[in-house]
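Visitor: Please show me the structure. I would like to ask how its parts get their labels.

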Amino acid sequence: MKNERIMVTRASMPPYEEYEQLIRGLWDSHFLTNMGCLHEEFRDKLKLYLDTKGMELFVNGHMALEMLLQSFELKGEVITTPFTFASTTHAIYRNDLKPVMCDIRKEDGTLDPELVEDLITENTCAIVPVHVYGNICDNEKLEAIAKKHGLKLIYDAAHAFGEFIENPDGSRTSVAQLGDASMFSFHATKVFNSIEGGAVSFNPDKYPFLSDRLYQIKNFGITGKESVDYIGGNGKMNEFAAAMGICNLKYVDSWISSRKAIYERYVERLSDIKGIRFLKKAGNIRYNYSYMPVVFEKNSYNRDEIYERLAKNNIYARKYFYPCVNNYKCYEGILDPHGTSVAKELSENVLTLPIYPELSLKDVDKICDIILFG
């Protein structure tokens, strides 16, 4: 068998002919950006799929979050997690807001709501938790805290596309309905992609101004032919990205099913092994299986040794997330690297293993054999 490289993920793509057919009309219209027909079609279909009343599309998830924070005109401190991708904290800091690091829950890696209130000051304006690896934050507790203190609750849902909470009465709540607003990423490596892209979901009944403001901020702050009311930027999604999103939306459910089978094979092979731990999954969540995080306990396994061992066999896992954001050089003297011991421990021991729809169960077994037997 050829010893091909197995990456931690691989971009999912539709049949070429479907994408070609969808973009063919662009050669007639020459309308490639500025919220064209494909952009509007993609947004409408996403609103239905994610079950949300309000949505704006962006060039990527980072600009979606950065411009969402700007649209709420926040001032002061934002409580967030150090166990996340750089984008979350950068979006906060680039809005002249002060990130305040709150530790996470060991069992699932999400922001620990029991620690949030102790960090709230008179300067706190918002909480920005992350649905890390698709593990949904404790929204009920976070909503109660935000309401009690008059704070905005804005979710980084980059990992949580298409996830739903199954309610006791048989109904379900989309992750896109949680908090005051949520950001999604459609980067090529995500469970669902539009090559590059992102979105913000929100309730327009609660925030009727938000759609227009997001639209204007992502379009340089332009509010009319001769008026610019905001210091905006260029966050617009182009037609080629929207077309990829439209095509991929038809296949994402089958891709999630394939990911689930791969996830379950990893669990079958590794779950009863001393020194290997999986993050807890709630029983009432419809997951997207976007990542395959495995925690290696130091007394039995060395995460970095496993990482190198896999790499020598052309298998490329990822130390995701390492280091924690509050240990980045760029935040030295700005963020406190201490006080988030759970996040630090998880960052030093977690490894995300390869998972994507085309990954064969035979390759999953190979990966597990290398982990267990060398």
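**Helices and a sheet**

Guide: Start with a contact: Cys37, Leu38, His39, Glu41, Phe42, Lys45, Leu46 and Tyr49 in α3 meet Glu239, Ala242, Ala243, Gly245, Ile246 and Leu249 in α8. The residues of this contact divide into nine nonpolar, two polar and three charged. This is a predicted model, where local features need pLDDT of at least 70, side-chain atom pairs count only at pLDDT 80 or more, and totals for chains, interfaces and linings use all residues. Residues are numbered from 1 along each chain as its sequence is written, and side-chain values use heavy atoms, with hydrogens and water left out.

Visitor: What makes these residues of α3 and α8 "meet"?

Guide: Contact means heavy atoms within 4.5 Å. The listed residues of α3 and α8 meet in that sense.

Visitor: Why is the crossing of α3 and α8 called left-handed or right-handed?

Guide: A crossing is left-handed if the near helix is turned anticlockwise from the far one by less than a right angle, and right-handed if clockwise. The axes of α3 and α8 cross at roughly 35 degrees. Their crossing is left-handed.

Visitor: How do you know that β14 and β15 pair?

Guide: Two strands pair if DSSP finds at least two bridges between them. β14 (residues 293–296) and β15 have three bridges, so they pair, in the antiparallel sense. Proline 293 has threonine 352 in β15 as its bridge partner.

Visitor: What makes β12 and β15 edge strands?

Guide: Each pairs on one side only. The open sheet runs in the order β12-β14-β15.

Notes
Axes are lines fitted to C-alpha atoms, for helices over the stretch in contact, and angles run from 0 to 180 degrees between N-to-C directions. Helices (H or I, at least four residues) and strands (E, at least two) are DSSP runs, numbered from the N terminus. Ala, Val, Leu, Ile, Met, Phe, Trp, Tyr, Cys and Pro count as nonpolar, Asp, Glu, Lys and Arg as charged, and the others, Gly among them, as polar.
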